[in-house]
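Please look through the structure below with the arrangement of its helices, sheets and ligand shell in mind. The paragraphs that follow take these topics one after another.

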Amino acid sequence: MLNYDELIIGGGISGMAASLLSAKRGKKTALLEAGATLSPTLSGFTRAAAHFETGFHYAFGLGEGEIGQYFFDLLGLDIKSYPLLQNGYDEIHLPSGRIVKLAYPRQNLEHSLGEVFPEEKENLKKYLDKLEDCFLNSAYLNLHRDKTLDLNAPVDTPKSLQEVLDECFKSDEIKAVLAASSFLHGTPPNKISFGMHACIAGGLFHGAYGVLGGGKAIVNAFEKALKKAGVDVFLNTKATSIEEDGDKKIIRTNKDSFACDICISSIHPKEFLKIAPQNAYREGYKTRVNALEETPGFFTLYAKYKGPRVEASNIYLLSKTNVVDCFNTNSNNPSYYINFSPDKEQNVSIISFTSPEPAVWNKNSPDYQERKNNYSLRIKNDINKLAPDIAKYLEYIEVSTPATSRRYVGYSGGYGLMHDMYKTKVLPMTKIKGLYLCGQSVLVPGLLGSIITSLMVDKMAEAANV
Ligand SMILES: Cc1cc2nc3c(=O)[nH]c(=O)nc-3n(C[C@H](O)[C@H](O)[C@H](O)COP(=O)(O)OP(=O)(O)OC[C@H]3O[C@@H](n4cnc5c(N)ncnc54)[C@H](O)[C@@H]3O)c2cc1C
């Protein structure tokens, strides 16, 4: 039995952040990761001499003095960010054939969208005011102002994104343009609260940033900081059960067993329920969490791009003007999100939403390979039709399905659980003192959201004082 003060299960960004915060409080800390490397989500992969990003394309708040940079400094991470093209980094292709570039920050957005939709100028100003108000007053993102977290402050607002869009605008096309960023959190506009959406889209409208070296550089910075902080990292170590022994928690794995005072799980909440002690939650709550909907699965084609430099780096090819319909994973007419890495080579990933159901994408099923080939072919045909100027320069290298993400991180909904405003929330605390949850499925999604949940559990662990 290995003994630690605090143990973190799952070495994604939230688990790595929670480990650093624990060590910062002077605790003897261990981090367990089932995979062979830390944060398989962010690390990307190299094939045919090209590096492809997987779980990181861009983020808000990484400018000097902004919230993301504040988090990185707090965690002692040496991560260098840079602002992305302000004049149309995101490009929305509407089913009508209209192409709308989103210019950032807010004043550029208001100006450029106002020119495309002159009849909606006033409405746009009101909408962006609302969005900005929610973003700037979010208890979580205001950390940099007063350096405290208000754990009780609700992020959700009473209205959904779709309700606010319907109230503000007449044009369905401007609604589609503004709702396209729902692809970044994976919850459709009629299910995500306007407040939650504002935490992500509102941030991007303030400025979009890339990281030098991409997701891999983020993971490298964490690895360095974990080593410096003295956190013991156990790779290829999968937690299989959590038991209580008095005030101690005993974590069994495929290798050693661990005893600790505080245990923080950053794995998918449904996977956590499988290994958690029976009394961690009431039965009714467990049933509700198990019934929560997954975000869509991602079917992704990775390609080298050999054409002239593309300025816009995120292209949303919307198949429906109503973005809610773009989330239909049974659709024969999917939407696509095309990301060009900002490197010299401009490698590309083309992502479409598909069913996250393990039964639908199951590597052991006899027709898996055939279905994967057919789906890939359909995407290639679609891209040839919808974006011929890009398609002609693509050399396809690799394909991933929801079964691939399940193999690497243990779940197949691209972003974990949906943040559905009408459903039960997964909260960071359990009924057991010293047992907590963090990660993208808990309260706030995305890279910064995951770090925020780590800050939350850190405060709880500190207060538990065991
Ligand atoms: C295609 C894609 C693009 C994205 N793009 C962006 C972006 O541009 N900007 C942005 O902000 N966010 C983006 N995200 C979201 C962001 O990557 C995630 O929100 C974040 O990485 C999630 O981190 P996490 O720690 O919560 O979860 P995870 O990364 O899933 O970490 C959980 C870890 O736990 C491990 N694990 C599972 N079970 C066990 C067990 N029993 N024992 C031990 N370990 C276990 C897993 O292997 C995994 O490493 C993207 C995500 C995807 C998939």
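In this predicted model, helix α5, which covers residues 121-137, packs against helix α9, residues 194-206, with an angle of about 95° and with the two axes 8 Å apart. Since angles of 65 to 115 degrees count as roughly perpendicular, α5 is therefore roughly perpendicular to α9. On the α5 side, the residues that meet α9 are Leu131, Glu132, Cys134 and Phe135, while α9 brings Phe194, Gly195, Ala198, Cys199, Ala201, Gly202, Gly203 and Phe205 to the contact. By class, the residues of this contact of α5 with α9 divide into eight nonpolar, three polar and one charged, where Gly is counted among the polar residues.

From the helices we turn to the sheets. Seven strands form an open sheet with mixed pairing, and their order is β9-β8-β17-β18-β19-β16-β20. Because β9 (99-103) and β20 (394-400) stand at the edges with a single partner strand each, one side of each is left without a neighbour in the sheet. If direction is ignored, neighbouring strands of this sheet are turned against each other by 20° on average. Within the sheet, strand β17, residues 314-317, and strand β18, residues 336-340, are paired in the antiparallel sense over four bridges, and Asn314 has Asn339 in β18 standing opposite.

Another open sheet has three strands in the order β6-β10-β7, with antiparallel pairing. Here β6 (59-60) and β7 (81-83) are the edge strands, and each of them pairs on one side only. The pairing of β6 with strand β10, residues 208-211, is antiparallel and runs over two bridges, with Ala59 placed opposite Tyr209 in β10.

What remains is the ligand, and where does it lie with respect to domain 1 and domain 3? Domain 1 (2-63 + 212-292 + 422-464) and domain 3 (296-414) both give residues to the shell around the ligand, so the ligand lies between them. There are 37 residues around the ligand, and of these Gly10, Gly12, Gly55, Gly439 and Leu447 come nearest. Among the helices, α1 (13-24), α2 (40-43) and α17 (446-464) each supply at least two residues of this shell. In composition, the residues of the shell around the ligand divide into 16 nonpolar, 18 polar and three charged.

Key: Residues numbered from 1 in each chain as written. Predicted model: local features only at pLDDT ≥ 70, side-chain atom pairs only at ≥ 80, totals over all residues. Axes fitted to C-alpha atoms, helices over the stretch in contact; angles between N-to-C directions. Parallel < 35°, antiparallel > 145°, perpendicular 65-115°, else oblique. Contact = placed C-beta atoms within 7 Å. Pairing = 2+ DSSP bridges. Near = placed C-beta within 6 Å. Domains from an automatic or database assignment.
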